[in-house]
Amino acid sequence: MKDKIISYLNNNKHYWWTVGLLPGMYAITYLYTNNYTLVNSWTQLLYLVLSMIIAPSALMILMSFVLKNKSDRIKNVFYSSSLIILTAISLSLVIYLGWRWKALILVAIIAIIVSWFLGKHYKKGVLILFLMCLLGILQLSFYLFTSIYTYENWIKESPFVNIEFQIKPNIYYIQPDGYANKPSLTNDNYHFDNSRFYSDMISKGFNFNHQYRSNYPSTLTSNATLFTGQHHFYDSENFNNELFNARQIIMGKNPVLETFKENGYRTTAILQHRYLLLNHPDIYYDRININENELSILPDYQLDKDYFNDLKLAISTADNKPQFYFIEILEPGHITGLKAKNTSAIKERNQYIDNLKNINTTLQDIVDYITSQDPEGIIIMAADHGGFVGYNYTGESYSYLTDDIALHQAIFGALLTIKAPAEFQSHQKKIKSSISLFPNLFNYLSQDSISQNKLDNGSYQLIKSGTQSGIYRYYDENGIPVTEKLQ
């Protein structure tokens, strides 16, 4: 092996694959090791292989013929600068998830200048990159084996898929991301009077559950429980940066959508952004307002669809079957997710309140329109989690344990208000958290024809690092704030 390496370093031969293949291979292994749940579709993998491996390799093969009769120095400059530039481009795409044009142009200029003087040594860089690829492949293989190949589905057979509805009104589920509940908004961290919104909604026929909570702190972890009626407890053996398979559970075939479809409902998803579609999950909804060509290959959730007009179109073109609409709006959102130099709890609070004020008007316009078109429809407005106001950034909530009730509220306190017939009130009172929303709705639609299993309405937080790492219960099943580690 040593002799082969020395021979490679000393000979004047150039190999297309060392420059065309290695940068992209390392970048892909890095991307999949660190962000597997964002890119684990065949469409994304094929595109990445084509753009990062096959296209650069084809270019290097072509250039090897073009430079066949050129001097060794020209060849060294080309291969050396190409290695640096292709590596920079690949890493820019997988680390920053986009083109950093100014930085890449600067790197290209420096690469050409450096290669003019030191290009003959580029093969040492190839060896380093080759070793990085080997380590990357080993690391990715370990992750795939320990987290993916050994994965066991946590979703058990659902008790309500076979429920037969006795009444079938249209159901509109509006999910404003991170919209805090009343106890949260009135605590010292939020310190915001939202009474005008509450009174306006009550005048429109809505009833509030002000003690409503999410069971988990993020859109994915919360909705995975919402649409299954089951706890995953972070699927802790497989949890990396995100809950594995969460988008497939939420947008694919899940117990809630199955139940609606078994009862003859048409299902429609109206999304503001493509966050729930980042890894191109299989869609179980009958209709969705985002087309395949609007999805991104690298993780980029921003799309900003005109979701209100999309909802109007969906309602106006609906057939005569009963309808279920899931309208996800990523507003008011939550405070920033990452720590930054100018991040502060006060600054994040002010931005959050501004966002909440802005979305209040839109939410009322939406329910006014739905009511005008479908007076008998049931409208559910339930947030996926709290706004995290009180923290400097959301990641802080995963870094240390706290028994501060206001911070517990910041994570889990979520809006719930429902417009439904008076007969639904006894069922609405039983909705304590995300996990119990659809079971109680289905019990109402089946006219109490089913016996409900006892649901765990607890709220659970994951502490990712430190001596106190683990899963903690921040609210018990009765809504009492606690700080208890799961065994």
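Begin with the open sheet of 3 strands, whose order is 8-9-10 and whose pairing is antiparallel; strands are DSSP runs of E with at least two residues, helices are runs of H or I with at least four residues, and both are numbered from the N terminus. Two strands count as paired if DSSP finds at least two bridges between them. The model is predicted: local features need pLDDT of at least 70 and side-chain atom pairs count only at pLDDT 80 or more, while totals for chains, interfaces and linings use all residues. Residues are numbered from 1 along each chain as its sequence is written, and side-chain values use heavy atoms, with hydrogens and water left out.

Select 459–463 and 481–485 next. These are strand 8 and strand 10, which stand at the edges with a single partner strand each, so one side of each is left without a neighbour in the sheet. On average, neighbouring strands of this sheet are turned by 25° against each other, direction ignored.

Now add residues 470–475, which form strand 9 and pair with strand 8 in the antiparallel sense over 5 bridges. Within this pair, I463 stands opposite G470 in strand 9.

Then show residues 405–412. This is helix 15, which packs on the sheet and touches strand 8, strand 9 and strand 10; contact means heavy atoms within 4.5 Å. The direction of helix 15 makes about 100° with that of strand 9, where axes are lines fitted to C-alpha atoms (for helices over the stretch in contact) and angles run from 0 to 180 degrees between N-to-C directions.

Move to residues 437–445, helix 17, where 9 of the 9 residues are buried. Buried denotes under 20% relative accessible area, exposed over 50%, and partly exposed in between, with a 1.4 Å probe and protein chains only. Among the buried residues of helix 17 are F438, F442 and Y444. After the helix comes Q447, which has a positive phi, near 60°.

The next stop is S41, in the loop between helix 3 (22–39) and helix 4 (42–66). S41 is buried, with a relative accessible area of 11%. Leaving aside neighbours within four places in sequence, S41 is in contact with Y32, N279 and H280.

Finally, display the whole protein chain. Its secondary structure comes to 17 helices and 10 strands, and its C-alpha trace spans about 85 × 50 × 40 Å along the principal axes. Of the 487 residues of the protein chain, 54% count as buried.
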